[in-house]
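Morning, everyone. Please take a look at the model on the screen, and then we'll walk through its pockets and its core.

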Amino acid sequence: MREDLHPKPTPPQTIRMRLIAWRNRLFASRSFQRHAARNPLLRPIARRRARAVFDLVAGFTYTQTTLAAVESGMLDRLEHGPASLADIAATTGLNGDAAARLVHAAAAIGLAEEAEPGWWLLGRHGAALQGNPGAIAMIRHHRLLYADLADPLALLKGDRRDPTNLSSFWTYSAEPHDASHPAGAAADYSRLMADSQVAVADEVIAAFRFDNHRSLLDVGGGSGTFLRRVSAAHADLRLGLFDLPDVVALARRRFEQDHHGAQPEFHAGSFLTDSIPQGYDLVSLVRILHDHDDAPAQKLLQDIHRAMRPGAQLLVAEPMAATPGAEAMGDAYFGLYLWAMGSGRPRRAEEIRAMLADAGFARSRTIATHQPLITSLIVATA
């Protein structure tokens, strides 16, 4: 008999494996589910578990309800004060029945609230969204992701080099950068990055001591939202922005129009192929590393280290996989988002720190943020 050249590995028979298997058999048991639902002590837990499972089944309807509430203008109208059903129908362009269906669906997920019979206001989640332009921008942007995930298995089985809606939008993710990208592409993705980066910048500023540094280079800095927020809090920092030529042109115009402090030094080039500008004692990578696969990400870290003087620091700010309290954001959301984009993957903090060590950095540490769902931080010293 021919020897099997690729024997199937045997799973380890650890206590943890056995406990998880026992738990799963218990949770899958219909008799246990009925018992838990009837038991006064277990009933609250059973109901929470049932809601969580139902959210997995029906979650796509929540996101589509949110998109409809945003794009119809309903949330904007409710933000301005109490609205009747007739007001909502007029705002959204829907007939009375459809408007009622939408506002009741929105109320069920906290976007709207019937404050008095027949009068509607924003719900708690709707109010939070209206105060977060970056989240609204991402809700609109997710049309592209919805289309790419219409058949998730087909997406996962396909070649990551095949074009998708997201890869066509994020043109900078092409490695190396193709200067022939359609006109306006940089403006489109730079606008989304700017809209969604304010909350990230504020989390970083609240957690990191910029006053220990004299100069900051933001690599892949987009239209400069991060630098403008840092400059407003730390006006003495000398600033630099490094990004693709068409993006730098946008950033220069934005600073000339909107920023009243010192102008940064603008460096045009690709961080995938060109040398990193030197002369800064702090370099930042804000939501950059996870956009790139391991080889280009490792090369970028090596190039940054090469451009640094001993003692200079690199600040990595991005959502990270396996972050306590934000696990779904890491591997579920960004895992599929970056797969659809055709480049990058979410990484755990310890993976990034290992990459930093391999790139030559002497040491690194994590820094806690108030909202790890928005971003986590790692600082590395050259």
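First, a term: helices (H or I, at least four residues) and strands (E, at least two) are DSSP runs, numbered from the N terminus. This is a predicted model, where local features need pLDDT of at least 70, side-chain atom pairs count only at pLDDT 80 or more, and totals for chains, interfaces and linings use all residues. Residues are numbered from 1 along each chain as its sequence is written, and side-chain values use heavy atoms, with hydrogens and water left out.

Now the pockets. On a 1 Å grid over the protein atoms alone, a pocket is an open set of points where a 1.4 Å probe fits, with protein on both sides within 12 Å along at least five of seven lines; lining residues have an atom within 4 Å of a point.

Which helices supply at least two residues each to the lining of the largest pocket? They are α3 (43-71), α7 (124-130), α8 (133-148), α11 (185-207) and α15 (327-341). α15 gives the most, with nine residues. In total, 44 residues line this pocket. Nearest its centre lie Met138, His142, Met329, Tyr333 and Leu373.

The second largest pocket has a lining that includes Phe27, Arg30, Leu42 and Val53. Here α2 (30-38) and α3 each give two or more residues.

Last, contacts, meaning heavy atoms within 4.5 Å. Take Phe361. Leaving aside neighbours within four places in sequence, Phe361 is in contact with residues including Leu301, Ile304, Leu314 and Ala380. His305 and Thr381 are also among its contacts.
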